[in-house]
Amino acid sequence: MLLSISWRNIWRNKVRSMVIILSVAMGIFAGVLATAFFKGMADQRIQKVINTEISYIQIHKAGFEETNDITDYIPNAAELLKSINNIDGVAGVSKRIVIQSMAASAETASGVLISGINPEQEKSVTSISNKIVDGAYFKGIKRNPAVIGKKLAEKLNLRIRSKFVITVQDLQNNITSGAFRVAGIYSTDNNMFDEANVFVRYSDLQKLTNFPVGGAHEIAINISNKEELPAITQAVKKVAGDKMSVKIWKELRPEMNYLTEAMDLYMYIFIVIILLALLFGIINTMLMVVMERTKEIGMLMAIGMNKAKIFSMIVLESVMLSLTGGIVGIVIGAITSKYGETHPIDLSAWAQGYQQLGYDAFVYTQLDPSMLVDITLLVILTGVIAAIYPAYKALRNDPADALRIE
Amino acid sequence: MNVIEIKGLTKIYKTSEVIVKAVNGIDINFEEGEFTAIVGPSGSGKTTFLNMLGGLDKPTSGKVIISGIDVWKLSSRQLIDFRMNNIGFVFQSYNLIPVLTAGENVEFIMHLQGKPKKEREKRTKDLLEAVGIGNRINARPSKLSGGQQQRVAVARALASKPEFILADEPTANLDSKATNSLLELMSQMNKKYNTTFIFATHDQRVMDKAHRIVTIEDGKILSDEYFERD
């Protein structure tokens, strides 16, 4: 009966209740949409880094990541690659020779990370092949073709078929150089990556550096379902053995993981700020409710409604008021966010700034159901907190005095 | 048998400038089944007396003993429960819960008492029929006339099966037809359930029905008379 009374009490002053319900709904809608937007943005960034730069899992010889020593390679990379390919859920595997080097054009030079890849294998792991904006992915050049980033091409003033020289240290610690021609120019949304990464064929780099055939510094693994990452990682570790370092994307690029965690934290802070602003509106409404009903509350006390029940009635009213607005906001926010999962928000007007940081100009929202549960709980908490002072005021009423009010 | 024993009941209001003795050492007893009117001019202390009797207003001194319990020695929590189970209230301005129907208003107090749903529903129906508005069980107070609302208030006061009912100016807002009808009803309820009714009033029609009239002036009992009625 208390629930029923509280619910009906809300609608005694429809306009006032609707104003507060709409305020809460608007606030929560904004919160849900902003959460989905920023989560989508962060997830897109992470997915992009996984797809174009690092893949889900990488294997190195233990210690290579610290030293980048060319001699710290995986000797049996080719066999390992085959074994990993047989693991359920693995969508693609690619082995790479990875060397810090200098790329020089006729005009200038730049430090780059050169990756010797098997172009077909690499397609199954990263999406560089889909990011070609000029030329073709290892096509059109027979000898020593290279795929370089747009930013590097601009820096070194290179065009398709332009020749440039790569200088590296070979396996015997000798400095050696090779001439490559630009077959394709790629552009990801990360200018820093585009400026620093050059892709050449595995065989060309292997010959240039006297690298043992079948060996590699890095094995990159792509998976078909990211939910299976922990299980596949375990299986890969088992196949790779103790001497190899197997790391997932979160370990390879910890800042990406921090990005998700920081984004979640910011979102909670954002929602809490919205709710704090709404809190005062709800307190104000509940104070008006209590003051208008002083006589009625006095009567309830007189006929035997105890303080706990009166307190509960006021808290319930406040929670119902907040929750009604909250649910409306969550539903509209969820529908809008769901729509945004297939219809991206166009930020192309500010694309240059975003792309500099590696973010997409088109953001697909990402609705997190667990966040909706948290928001619902926070709205309930707001309702409870908003009711405490008004309920305290109500309980301080003396029934005899309250009943004298005309 | 005395239902209520009052000894030396006093209420003093103090402000920075004056001290007002609203009720000044009243000693009086009420027996089971009485139909009593407390009368007196405005400001004579009727309502204050009734509020102290009903456990709403704490006396400055004196005792209110109801069925052997010294009411003002109870804790505030015990007092609320005591009021719920022993005292029925009928107020001048009806004071029904506007968002509840007539039936729900009557049922509400039994809900507070923790009575089972079936019992609540049956008693609500019986009481509303007894007060003559069984057909308005689903009407909200705003859809009822003043007289009908006061009948609901009487049914609500009776719902908890109290020892006695305190009615503060119950007819003040009613026209004469509704007043007569309500008084007739309360008189019937008094006879039917042997419930003690104590009114604070200055309505002659109420006094004409009362079996006992206690006149208060300046916080003291001026007279205490008994009458034979039909």
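**View 1. What counts as a strand pair in chain B.** Two strands are taken as paired if DSSP finds at least two bridges between them. In this predicted model, β1 (residues 2-14) and β4 (residues 61-66) of chain B make the grade with five bridges, pairing in the antiparallel sense. Zoom in on β1(B) and β4(B) and you'll find one of the partnerships: I6(B) is bridged to V64(B), which sits in β4(B).

**View 2. The whole sheet, edge to edge.** Step back from that pair and an open sheet of four strands comes into frame, ordered β2-β1-β4-β5 in chain B, with antiparallel pairing. The edges belong to β2 (19-31) and β5 (69-70) of chain B; each has a single partner strand, so one side of each has no neighbour in the sheet.

**View 3. A helix laid over the strands.** Here α1 of chain B, residues 46-53, lies across β1, β2 and β4 of chain B. Relative to β1(B), helix α1(B) runs at about 125°.

**View 4. Two helices crossing.** Two packed helices are described by the angle between their axes and the distance between the axes. For α4 (residues 117-130) and α5 (residues 146-159) of chain B, the axes come within 9 Å and cross at roughly 135°. That angle makes α4(B) and α5(B) oblique to each other, and their crossing is right-handed.

**View 5. Who touches whom between α4(B) and α5(B).** On the α4(B) side, the contact is made by R123(B), L127(B) and L128(B). From α5(B) come V152(B), A155(B), L158(B) and A159(B). Sorted by class, the residues in this contact of α4(B) with α5(B) are six nonpolar, one charged and no polar.

Notes:
Residues are numbered from 1 along each chain as its sequence is written. Chains are lettered from A and ligands numbered from 1 in the order in which they are written. This is a predicted model: local features need pLDDT of at least 70, side-chain atom pairs count only at pLDDT 80 or more; totals for chains, interfaces and linings use all residues. Side-chain values use heavy atoms; hydrogens and water are left out. Helices (H or I, at least four residues) and strands (E, at least two) are DSSP runs, numbered from the N terminus. Contact means heavy atoms within 4.5 Å. Axes are lines fitted to C-alpha atoms, for helices over the stretch in contact, and angles run from 0 to 180 degrees between N-to-C directions. Angles under 35 degrees count as roughly parallel, over 145 as roughly antiparallel, 65 to 115 as roughly perpendicular and the rest as oblique. A crossing is left-handed if the near helix is turned anticlockwise from the far one by less than a right angle, and right-handed if clockwise. Ala, Val, Leu, Ile, Met, Phe, Trp, Tyr, Cys and Pro count as nonpolar, Asp, Glu, Lys and Arg as charged, and the others, Gly among them, as polar.
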